[in-house]
Amino acid sequence: MSAPNLATSRDTTASDRILATIMAVVAVGAIIFSRDISAMASVFPRTIAALLLLLSLILLVKAFTVRSHDARPEGGSVGRRLALVGIILAWAFALNSLGFLASSLLGTIALTVVAHFHEWNTKRALIYGLAILAIIGFFYGLFALLLDVPLPDGGLWRNL
């Protein structure tokens, strides 16, 4: 294994430390906020948060003990990356008002449109649409029907 070329690489230790700290804080927040929901409903968020916390701590230890170098990232669309983050945040905030099904459908369609690099055609759009419906349907069936976890129904629809 050859040593990285320091002229074309960047030190990733600082960014690893920042990312690990942010993700650890998010995990602790998820564990704290999961106390407000029922024991059965809190199993999934607590499990994911515990895993996130564990992996964040591993990354934090690694960032302080091992000096790592990555190749400089190639150019890309910062706007597209920020749009993906914005869409995920909008989806999370829309859950209470639009409900799980509507916000998930709109969010995944928006993510697909922003993240897709190739030309659109009818066949590809149909396949993506069916995949989106299947994935959302699977998770709705898993949580709402099989595990009996209450999903947000959307305050907007209650008034209709």
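**Exercise 1. Which helix helps to cover the buried residues of H2?**

Start with the cover itself: H1 is among what covers the buried residues of H2. Keep in mind that you are working with a predicted model. Next, pick out the residues concerned: in H2, Ala 49, Ser 56 and Ala 63 are buried. Then turn to the partner helix, where Thr 13, Asp 16, Ala 20, Ala 24, Ala 27 and Gly 29 are the buried residues of H1.

**Exercise 2. Check the end-to-end spans of H1 and H2 against what their residue counts predict.**

Take H1 first, which runs over residues 13-33. Its 21 residues, at 1.5 Å a residue, should span 30 Å. The C-alpha atoms at its ends are 30 Å apart, so the expected and modelled spans agree. Now repeat the check for H2: with 23 residues at 1.5 Å each, the expected span is 33 Å. The end C-alpha atoms of H2 are 33 Å apart, so this helix agrees with its expected span too.

**Exercise 3. Work out whether Ala 24 is buried or exposed, and find its contacts.**

Begin by placing the residue: Ala 24 belongs to helix H1. Its relative accessible area is 14%. Buried means under 20%, so Ala 24 is buried. For the contacts, leave out residues up to four places away in sequence; Ala 24 then touches Leu 53 and Ser 56. Finally, look at the backbone: the C-alpha atoms of Ala 24 and Leu 52 are separated by 7.0 Å, although these residues are 28 residues apart along the chain.

**Exercise 4. Describe the surroundings of Ser 34.**

First find Ser 34 in the loop between H1 and H2. Its relative accessibility is 2%, so Ser 34 counts as buried. Next, look for a polar partner: a polar atom of the Ser 34 side chain lies 2.8 Å from the backbone oxygen of Ile 31. Beyond residues up to four places away in sequence, Ser 34 touches Ser 42 and Arg 46.

**Exercise 5. Characterise the largest pocket: its volume, its lining and the elements that contribute.**

Step one is the volume, about 1600 Å³ for the largest pocket. Step two is the lining: of its 31 residues, Phe 44, Pro 45, Trp 91, Ala 92 and Leu 95 are the closest to the centre. Step three is the origin of these linings: H1, H2 (43-65), H3 (78-115) and H4 (122-146) are the elements that give two or more residues. H3 supplies the largest share, with 12 residues. Last comes the chemistry: the lining holds 25 nonpolar residues, six polar and no charged.

Technical notes. Residues are numbered from 1 along each chain as its sequence is written. This is a predicted model: local features need pLDDT of at least 70, side-chain atom pairs count only at pLDDT 80 or more; totals for chains, interfaces and linings use all residues. Side-chain values use heavy atoms; hydrogens and water are left out. Helices (H or I, at least four residues) and strands (E, at least two) are DSSP runs, numbered from the N terminus. The expected span of a helix is 1.5 Å times one less than its number of residues. Buried means under 20% relative accessible area, exposed over 50%, partly exposed in between (1.4 Å probe, protein chains only). On a 1 Å grid over the protein atoms alone, a cavity is a set of points where a 1.4 Å probe fits but cannot get out, and a pocket is an open set with protein on both sides within 12 Å along at least five of seven lines; lining residues have an atom within 4 Å of a point. Grid points are joined across faces, edges and corners, and a volume is the space filled by probe spheres set on the points. Ala, Val, Leu, Ile, Met, Phe, Trp, Tyr, Cys and Pro count as nonpolar, Asp, Glu, Lys and Arg as charged, and the others, Gly among them, as polar. A polar contact is a pair of N or O atoms within 3.5 Å; within protein, one must be able to donate a hydrogen and the other to accept it, and residues adjacent in sequence count only if both atoms are side-chain atoms. Contact means heavy atoms within 4.5 Å.
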